[in-house]
Amino acid sequence: MSDTSPLRRLHRVQELDLNLDRLRDEEGNISPELRDARAEQERLNNELEDTEITLEGVEKNIRRTELDLSSIREQVGRAREEQEKNAFDARAQSQYGSRIQMLSERADELEEDLAPLREQQQALMARAADLRSQHRALRPSLGALEEQDETRVQGLRDQGEADRQERAQLAGNLDARTIREYDMIRRAKKGLGVVEIKAGRCSGCNVNLPVNVQQKAAQGKLPPVKCPSCGRFLIRLDLA
C-alpha cells in the first residue's frame, strides 16, 4: 500500500488533528501567575459588589430613618405650637406635654439608630474605596500577564497553521462521506478515528480481529474497514 493511498492520507489527517488537539489543549494551560491574578481580580470584583450591595441597603435604611426622624421632629414642632395656642388648662398642658415627650423619645431613638448606621456606612465606603484601589493596582500586572498569554496563544495558533493547511488539502482530496464519518468517530472515540492493526489486534480497543477483517483492511481501500468491536477505521501501516 503506497503512502498516497486514501487510507494513509486519512491517517495523516488524524496525525494532524491530534497535533492540533494538543496545541488547543496547550492554549488552556495559562501560567500560575495569570491564574492567580485572574482569581484575585474576581475576588476583588465579588467583594466590591457585595460591599456595594450592603452599602446600598445601609444607605436606604439611613434615608428611611432620616425621613422618619424629620417627620417626628415636624410633629413635635406642630405639637408645641398647638400647645401654645390651645392648652389653656393643666389637663390640656399635660396631654400636649405627654404627646411631645412621646414624640421626643421616639426622635431620640431614631437618632440612636442613625449613629451605628452612619458608622457602618463610613466603614463600607472606606472598604469599597480600598477594594477599588486594590483593583486599580492590579490592572497593570494583570494586563501585562494577559498580553503575554495572548502572545503565547497566538504563537501556538501560528504553529498549527501549517497543519491546518495540510489537513485542508488532504481532506479536500478524500471522499467527503469518509471524512464526515471519520470526524464523527473521532469525536466519539477520544480523538482516534483511524487505528492501526497490531499483531492481529485493533490498537484502539485491543480486540482480536478476525483474519478476513485483517485481510480486507490490509487492502487499504475505501470505504475503510471498521473494527467490529469499537467501530474505528482500521489500517495496516506495517505493509510496504
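A salt bridge is taken here as a side-chain nitrogen of Lys or Arg within 4 Å of a carboxyl oxygen of Asp or Glu. By that yardstick, E40 and R43 make a clear pair in this predicted model, with their closest N and O atoms 2.7 Å apart. Both residues sit in helix 2, three residues apart, so about one helical turn separates them. E40 counts as partly exposed, at 28% relative accessibility, and R43 is partly exposed too, with a relative accessible area of 35%.

R43 has another partner. Its side chain also meets that of E47 in a salt bridge, at 2.8 Å from N to O. Here the spacing is four residues within helix 2, which again comes to about one helical turn. E47 is partly exposed, with 25% of relative accessible area.

These pairs belong to a total of 21 salt bridges in the structure. Another of them reaches across to a second helix: R38 bridges to E146, the closest N and O atoms being 2.9 Å apart. Because R38 lies in helix 2 and E146 in helix 3, the pair ties together parts that are 108 residues apart in sequence. Neither end is buried: R38 is partly exposed at 34% relative accessible area, and E146 is partly exposed at 22%. Elsewhere, D17, D21, R24, R167, D183 and R186 are joined up in a network of salt bridges.

D36, also found in helix 2, gives another view of how distant parts of the sequence come together. Its C-alpha lies 9.5 Å from that of L142, although 106 residues separate the two in sequence. D36 itself is exposed, with a relative accessible area of 54%.

What about the nonpolar side of things? The largest nonpolar core has 14 residues, and V58, I62, L69, I72 and V76 have the most contacts inside it. Helix 2 (32-86) and helix 3 (90-172) are the elements that give two or more residues to this core. A second, separate core has 13 residues, including L7, A171, I179 and I235. Back in the largest core, L69 is worth a look: leaving aside neighbours within four places in sequence, L69 is in contact with A107, L110, E111 and L114.

The UniProt record, from an unreviewed entry, adds some labels to this picture. It places a "coiled-coil region" at residues 34-127. In the model that span is 97% helix and 0% strand, and its end C-alpha atoms lie 25 Å apart. The record also places the domain "CT398-like coiled coil hairpin" at residues 13-189. That span comes out as 94% helix and 0% strand, with its end C-alpha atoms 16 Å apart.

Further along, UniProt puts a "C4-type zinc ribbon" domain at residues 201-234, again from an unreviewed entry. The make-up of this span is 24% helix and 12% strand, and the end C-alpha atoms lie 10 Å apart.

Helix 5 (residues 211-218) shows a neat split between its two sides. V213, Q214 and A217 are buried. These three cover an arc of only 100 degrees around the axis, which puts them on the same side of helix 5. V211, N212 and K216, on the other side of helix 5, are exposed. The buried residues of the helix pack against strand 1 and strand 3 (233-235). Just after helix 5, G220 takes a positive phi of about 65 degrees.

Strand 1 (residues 194-198) also carries E196, a residue that stands apart from the paired charges described above. E196 is buried yet has no salt bridge. The nearest side chain of opposite charge belongs to K198, at 4.1 Å, and the salt-bridge cut-off is 4 Å. Who surrounds E196, then? Setting aside neighbours within four places in sequence, E196 is in contact with R201, C202, S203, I235, L237 and D238. One of these, I235, is also among the residues of the second core.

Definitions and conventions. Residues numbered from 1 in each chain as written. Predicted model: local features only at pLDDT ≥ 70, side-chain atom pairs only at ≥ 80, totals over all residues. Heavy atoms only, no water. Core = buried A, V, L, I, M, F, W, Y, C linked by side-chain atoms within 4.5 Å. Buried < 20%, exposed > 50% of the residue type's maximum accessible area, 1.4 Å probe, protein only. Contact = heavy atoms within 4.5 Å. UniProt positions renumbered as here; feature names shortened; annotations may be inferred. Lys, Arg positive; Asp, Glu negative; His and termini not counted. Arc of directions from axis to C-beta.
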